[in-house]
Structure formats: C-alpha cells, structure tokens
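Trainee: I would like to go through this chain with you. Can we take the buried parts in turn?

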Amino acid sequence: MSQYHKTTDLPATLAIFPLPGAMLFPHWELPLNIFEPRYLNMIDDAMRGDRMIGMVQTLGGPRERPDIAQVGCAGRITRYSETDDGRYLITLSGICRFRVAREQAVTTPYRKVTPDWAVFAADLQPASESGLPPRTRLVSALRTYIAALGLDADWSAVEDAPMETLVHALAAGCPFEAAEKQALLEAPSLADRARTLITLLEIDGRGGDTGPLQ
C-alpha cells in the first residue's frame, strides 16, 4: 500500500491473530470471519488505530494460548462489515512479513508482539518475477496433485492468472500441513515460494515425502 514505503512506517507493536492454516502473504488478500469476543475486541481496537494486525500460524499448545510460529504476516483491514449476529467480516490486505522479536505482556484479551520487520523489508516493494519457474512446470505439478487428491480445478483460471496471484492462491488454498504452509510463507522471494510450492505439489502428488524441500 502506498503509505508503507519503509519498515519505519510500520508499527512497533502488533496485535496478532493466531490461526492454523490461514495464510496471509504480502500483496495478497485474506477474508476472515471474526466471532470470538477477544478477536472482536482486537478488530475494534485496530479500527480505532492503524487497522493493522498480524496473522501467525499456531503450532499446538493450549487452545486459549497456543504456541505460535515465529514468522507471520501483517495486514491492514481494507474491508469491514458487521453481521446481524455480531460477527465481523473483514478482509486483510497483506503488507509485510515479520519475525516475532518478543511477545509483550498485555492487559488486552488478545496477544501482542514486538515485530522485527527488517529481514522482510523487500515485501514493501512490488514482488519481482525474476527467477520464477515456468508456468508449465507449476501447472504440471498441480495436475498431478489434483489427480492424486481427487480434487478439481478451474484450469482456465490457472492458465490465465498472473503468476503471483496463482502462487499465492495455491499456497493459501491447498490443504498442506502447517510446517509446509510455514515454509511457503517464509520463502524469501516470490520465485522461492513458487519453487517450494512446486516441490510440495510434486511430493504430495506422488503420495509421500522425498526428502527436504528444495
């Protein structure tokens, strides 16, 4: 977004929403249905402030305070509506990934962290398509994966979508394990994320692990 040019434009304190499997990437939108009271409170506070929250994956632990991954992605609330039964329907637009420098002691019902933005400063620039693998390789891996899982796909959309959109849609939408989704999030660049995605599609399409991700 145009107001975020450098990491010093980003907040020094960030409310976090720990949620398994819900992936937010820079330059990608994530719709969310908010209904837990503590997260309704979080959205209220965000809307009164900078509208920023951080999405992080959970890694087990107690439901009320799960363990969290150490890398997440911050997004700005760009769409917001309320339902008759008290839920919030929001859309987060991904801004920048962060590393959790430390978790803060808080009095709010939701958690906050001190984010370290420095290593992901490049997220504030348009994603480079330099080094992207051929679309044909990604589509081939996806066809194998789809067939193995008995799923279906809109192949015209797959063929026509911009590569950044396609990579993020598949990374967010495919039912990968938490560690696999985290590897996709932490991939340094769009090209690295695309290569990791292809590897995961090929591994799962063949029905098993063949070694470490490349």
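Mentor: Contact here means heavy atoms within 4.5 Å. Keep in mind that the model is predicted.

Trainee: Which residues does Q57 touch, not counting residues up to four places away in sequence?

Mentor: Q57 sits in the loop between β3 (52-56) and β4. Leaving out residues up to four places away in sequence, its contacts are L19, P20, G21, M23, D67, I68, A69, A178, K181 and Q182.

Trainee: Is Q57 buried or exposed?

Mentor: Buried means under 20% relative accessible area. The relative accessible area of Q57 is 3%, so Q57 is buried.

Trainee: Which backbone atom does the side chain of Q57 reach, and at what distance?

Mentor: G21 is among the residues that Q57 touches. The side chain of Q57 reaches the backbone nitrogen of G21, at 3.1 Å.

Trainee: Is T58 buried or exposed?

Mentor: T58 also has its place in the loop between β3 and β4. Its contacts beyond four places in sequence are P18, L19, P20, P66, D67 and I68. With a relative accessible area of 13%, T58 is under the 20% cut-off and therefore buried.

Trainee: Which elements do the buried residues of α5 pack against?

Mentor: Helix α5 covers residues 178-186, and its buried residues are E180, K181, Q182, L184 and L185. Two of the residues that Q57 touches are K181 and Q182. The buried residues of α5 pack against β4 (71-82), β5 (88-103), α4 (163-173) and α6 (190-206).

Trainee: Which residues of β1 point one way, and which the other way?

Mentor: Strand β1 spans residues 14-18, and five of its five residues are buried. In a regular strand the side chains alternate between the two faces of the sheet. In β1, one group is L14, I16 and P18, and those pointing the other way are A15 and F17.

Trainee: Which residue in β6 stands opposite A15?

Mentor: Strand β6 covers residues 112-116 and is joined to β1 by two bridges, the two strands running antiparallel. Opposite A15 in β6 stands K112.

Trainee: Which residue in β3 stands opposite F17?

Mentor: β1 and β3 run parallel and are joined by three bridges. The residue in β3 opposite F17 is M55.

Trainee: Which members of the largest nonpolar core touch the most other members?

Mentor: In soluble globular proteins, nonpolar side chains tend to be buried together. The largest nonpolar core here has 65 residues. One of its members, I34, touches F17, Y39, L40, I43, R87, Y88 and I90, not counting residues up to four places away in sequence. The members that touch the most others are I34, F98, L138 and L201.

Trainee: What radius of gyration does the chain have, against that of a compact globule?

Mentor: The chain holds six helices and six strands, and its C-alpha atoms fill a box of roughly 50 × 35 × 35 Å along the principal axes. With 214 residues, a compact globule would have a radius near 17 Å. The chain agrees with that, at 18 Å.

Trainee: What share of the contacts with a separation of 6 or more comes from residues 24 or more positions apart?

Mentor: Of the 214 residues, 46% count as buried. Among contacts with a separation of 6 or more, the share from residues 24 or more positions apart is 66%.

Trainee: How much area does the chain expose, and what share of it do carbon and sulfur atoms supply?

Mentor: The exposed area is about 10,500 Å². The share supplied by carbon and sulfur atoms is 52%.

Notes:
Residues are numbered from 1 along each chain as its sequence is written. This is a predicted model: local features need pLDDT of at least 70, side-chain atom pairs count only at pLDDT 80 or more; totals for chains, interfaces and linings use all residues. Side-chain values use heavy atoms; hydrogens and water are left out. Buried means under 20% relative accessible area, exposed over 50%, partly exposed in between (1.4 Å probe, protein chains only). Helices (H or I, at least four residues) and strands (E, at least two) are DSSP runs, numbered from the N terminus. A polar contact is a pair of N or O atoms within 3.5 Å; within protein, one must be able to donate a hydrogen and the other to accept it, and residues adjacent in sequence count only if both atoms are side-chain atoms. Two strands pair if DSSP finds at least two bridges between them. The radius of gyration is taken over C-alpha atoms; the globule rule is 2.2 Å times the number of residues to the power 0.38. Accessible areas come from the Shrake-Rupley method with a 1.4 Å probe; for residues, only the protein chains shown count as cover. A nonpolar core is a set of buried Ala, Val, Leu, Ile, Met, Phe, Trp, Tyr and Cys residues joined through side-chain atoms within 4.5 Å.
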